[in-house]
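Please open your viewer and set it to show chains and side chains. We will walk through it stop by stop, with something to select at each one.

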Amino acid sequence: MKLNGKLALVTGGSQGIGRGIVEAFIQQGAQVITCGRYTEPKDLPAACNYIQLDVSDPAAVNRFAADIHNLDILVNNAGVQVEKNTVESTDEDWDQVMGANARGVFNMCRAFIPNMTEGGSIINIGSISGNIADPSMALYNASKAFVHGLTRSIAVDHGPAIRCNAICPGWIETGMLEAGFATADNPQTAMHDALQRHPVRRFGKPEDIASMAVWLASSDASFATGQLFTIDGGMTAASPLNPGLF
Amino acid sequence: MMLEGKIALVTGGRGGIGRAVVKRLMREGATVYAADLTENGSLQTHDDDGSQFIKLDVTSEDDAITAFKTVEQQHSCLHILVNAAGIEIEKTIEQTTLEEWNQSFAVNVTGTFLTSKHSLPLLRAAATQGATSSIINFGSYDGFIADPGLAAYCATKGAVHALTRAMACDHGPEGIRVNAICPGYVDTPMLQSFFKGDGSGGQGGNIESLQQAVRDVHPMRTYGTPDDIANLVNWLASDEARYASGQLWVLDGGLSAQVQQMRL
Ligand SMILES: NC(=O)c1ccc[n+]([C@@H]2O[C@H](COP(=O)([O-])OP(=O)(O)OC[C@H]3O[C@@H](n4cnc5c(N)ncnc54)[C@H](O)[C@@H]3O)[C@@H](O)[C@H]2O)c1
């Protein structure tokens with residue numbers, strides 16, 4: 001077990017990628033706390049403690065941090081997305097997306113870094129969309145670029161005590177992905193097309209991201225800091241043109 | 001005119017991009033040598049454009065030495081070297097023979113090395129006259145992300161990118177700027193061949209619809225023309241770019257700024 005006796009906090013662990021990380025951390029022997037905006041989901045593993053917390057609220061985050069000492073691992077996974085371009089985006093959209101994805105990660109890091117143990121590891125969930133743009137995701141793309149920049153800053157400012165890295169997932173199978181295909185003109189073709197753009201010919205699973213998180217949290221990664229690790233089945237290594245599909 | 005009085009040599013100067021570069025540099029007042037394997041390069045014919053043709057195989061060190069001797073005798077210096085000669089083998093590594101692999105590196109990488117190396121004394125001579133001189137290499141967007149079935153090509157372009165930075169570090173102190181242009185899809189014989197090739201999926205079939213699909217995937221909804229590339233060569237070659245060196249200039253209509261365009 002790679003994380004025996006470690007205390008880990010994973011934001012947004014109720015479902016999707018965060019849930020995958022919670023389960024993997026428990027399996028590796030860590031004591032895990034997770035948080036979300038809503039009440040505790042019924043199917044959460046019993047070994048995991050749940051706290052209701054909105055990461056975009058600095059006061060709430062600070063209160064929560066005051067109660068937690070000797071944190072070894074912090075995973076900033078909570079995030080939201082709004083599918084709009086710049087002109088369509090409202091002030092509410094800004095508050096929602098930047099609040100959770102940018103300010104939320106900042107709030108958590110600011111509050112917890114002073115309480116973390118020597119050798120602690122922060123893992124932020126960025127995105128391939130923080131490096132290259134998904135259409136009509138303006139605030140989301142920009143919020144993830146913020147996460148990438150903050151990741152490097154924390155690594156530089158708070159090493160050697162703390163390592164900080166980001167994982168940039170590609171297409172991961174969560175409810176969101178299936179909903180996307182369901183609304184396609186021809187779901188079958190859309191699915192085939194999307195798979196062909198992945199050299200591994202499958203989409204990602206939360207476990208794929210979780211196993212990278214385990215590695216980054218463990219002492220195996222003690223020389224890894226300040227970096228962005230893309231896990232996308234090879235999608236961004238291929239030209240978006242991919243003429244074999246036309 | 002931005003390049004009055006400058007002397008330039010363009011390898012692959014009778015190719016799709018090379019020709020446009022030669023024309024543009026001449027229009028800006030430069031004296032231009034078009035160096036290529038043949039007078040027609042990659043096209044069927046060539047109309048006189050006022051450039052001086054030099055027969056040059058960039059893989060031959062003797063050819064490179066001879067070419068720059070000619071330039072030296074006529075002008076005693078060189079301000080601009082454009083390394084636009086290139087070949088593209090449209091195969092996976094499994095299909096690629098060792099000869100094809102070696103040939104790809106010989107033209108795209110060794111060629112860039114040889115012409116740059118043997119032009120250095122002339123570039124230095126131009127730089128001491130108060131201005132910088134400029135080497136412009138051709139990388140590719142394929143040096144960053146891969147098109148299917150272009151393995152050796154992608155690898156050579158990655159090498160050109162690294163060589164560009166190395167040359168910029170080594171020869172910057174001598175007043176020589178070194179940059180690479182990394183085009184996306186530019187309409188030349190090389191691109192038309194790619195459209196027809198195995199890797200393209202076009203398989204000689206419906207080129208029209210393939211071309212349209214390629215336009216559509218660009219944020220700018222078009223692929224590039226040789227003139228688009230020549231515009232950037234002109235700027236990088238000019239004194240306006242005196243602070244530009246060691247960079248890889250991606251020119252691709254926004255293609256590589258986006259995530260894969262799934263057809264949802
Ligand atoms: N066309 C594109 O979409 C594109 C995209 C990215 C990069 N590029 C790069 O731009 C450069 C120019 O390409 P192009 O599209 O004009 O191709 P092209 O095939 O039209 O021209 C290439 C020219 O290089 C010459 N050449 C080949 N081998 C040579 C050798 N051994 N010695 C001297 N000359 C030689 C050919 O005769 C030809 O005239 C190449 O380096 C290419 O890799 C092109």
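Is A:Asn70 buried or exposed? Select A:Asn70 and see: at 53% relative accessibility it counts as exposed (buried means under 20% relative accessible area, exposed over 50%, partly exposed in between, with a 1.4 Å probe and protein chains only).

Before going further, note that this is a predicted model, in which local features need pLDDT of at least 70, side-chain atom pairs count only at pLDDT 80 or more, and totals for chains, interfaces and linings use all residues. Residues are numbered from 1 along each chain as its sequence is written, chains are lettered from A and ligands numbered from 1 in the order in which they are written, and side-chain values use heavy atoms, with hydrogens and water left out.

**Backbone stops in chain A**

Stay with A:Asn70, which has a positive phi of about 55° although it is not a glycine. You will find A:Asn70 in the loop between α2 (58–66) and β4 (71–76) of chain A (helices are DSSP runs of H or I with at least four residues, strands are runs of E with at least two, and both are numbered from the N terminus).

Next, select A:Ser136, in the loop between β5 (116–125) and α4 of chain A. Phi of A:Ser136 is also positive, near 55°, in a residue other than glycine. At 38% relative accessibility, A:Ser136 counts as partly exposed.

Now show A:Gly159 and A:Pro160, which are joined by a cis peptide bond with omega at about 0°. A:Pro160 sits in the loop between α4 (138–158) and β6 (162–169) of chain A.

**Charged pairs**

Side chains of opposite charge can pair when their charged atoms come close. Over all chains, a search of the whole structure finds 11 salt bridges (a side-chain nitrogen of Lys or Arg within 4 Å of a carboxyl oxygen of Asp or Glu).

Try B:Arg24 with B:Glu28 as the opening example: their closest N and O atoms are 3.0 Å apart in a salt bridge. Both B:Arg24 and B:Glu28 are buried.

Then select A:Glu23 and A:Arg19, a salt bridge with closest N and O atoms 2.9 Å apart. The two are separated by about one helical turn, because A:Glu23 and A:Arg19 are four residues apart in helix α1 (residues 16–27) of chain A. A:Glu23 counts as partly exposed, at 39% relative accessibility, whereas A:Arg19 is buried at 11%.

For a link between distant parts of the chain, pick B:Glu174 and B:Arg124, whose side chains meet in a salt bridge (2.9 Å, N to O). B:Glu174 is in the loop between α4 and β6 (176–183) of chain B, while B:Arg124 is in helix α3 of chain B, 50 residues apart. Both count as partly exposed: B:Glu174 at 30% relative accessibility and B:Arg124 at 32%. Going back to chain A, add A:Asp43 to your selection: salt bridges that share partners join A:Arg19, A:Glu23 and A:Asp43 into one network.

**A nonpolar patch on chain B**

Colour B:Ile93, B:Leu98 and B:Trp101, which form a nonpolar patch on the surface with about 330 Å² of accessible area together. Patches are made of residues with over 30% relative accessible area and no salt bridge, with like charges joined within 9 Å and nonpolar side chains (Val, Leu, Ile, Met, Phe, Trp, Tyr) within 5 Å; accessible areas come from the Shrake-Rupley method with a 1.4 Å probe, and for residues only the protein chains shown count as cover. B:Ile93 is in the loop between β4 (80–83) and α3 of chain B and is exposed, with a relative accessible area of 65%.

**Into the largest cavity**

Finish by selecting B:Thr11, B:Val58, B:Asn83, B:Ala85, B:Val107, B:Asn108, B:Gly111, B:Thr112 and B:Thr115, which line the largest cavity. On a 1 Å grid over the protein atoms alone, a cavity is a set of points where a 1.4 Å probe fits but cannot get out, and lining residues have an atom within 4 Å of a point. About 30 Å³ of space lies in this cavity, a volume being the space filled by probe spheres set on the points, which are joined across faces, edges and corners. Which element gives the most to the lining of the largest cavity? Highlight α3(B), which gives five residues.

Key
1 Å grid on protein atoms, 1.4 Å probe; cavity = no way out; pocket = protein on both sides within 12 Å on 5 of 7 lines; lining within 4 Å.
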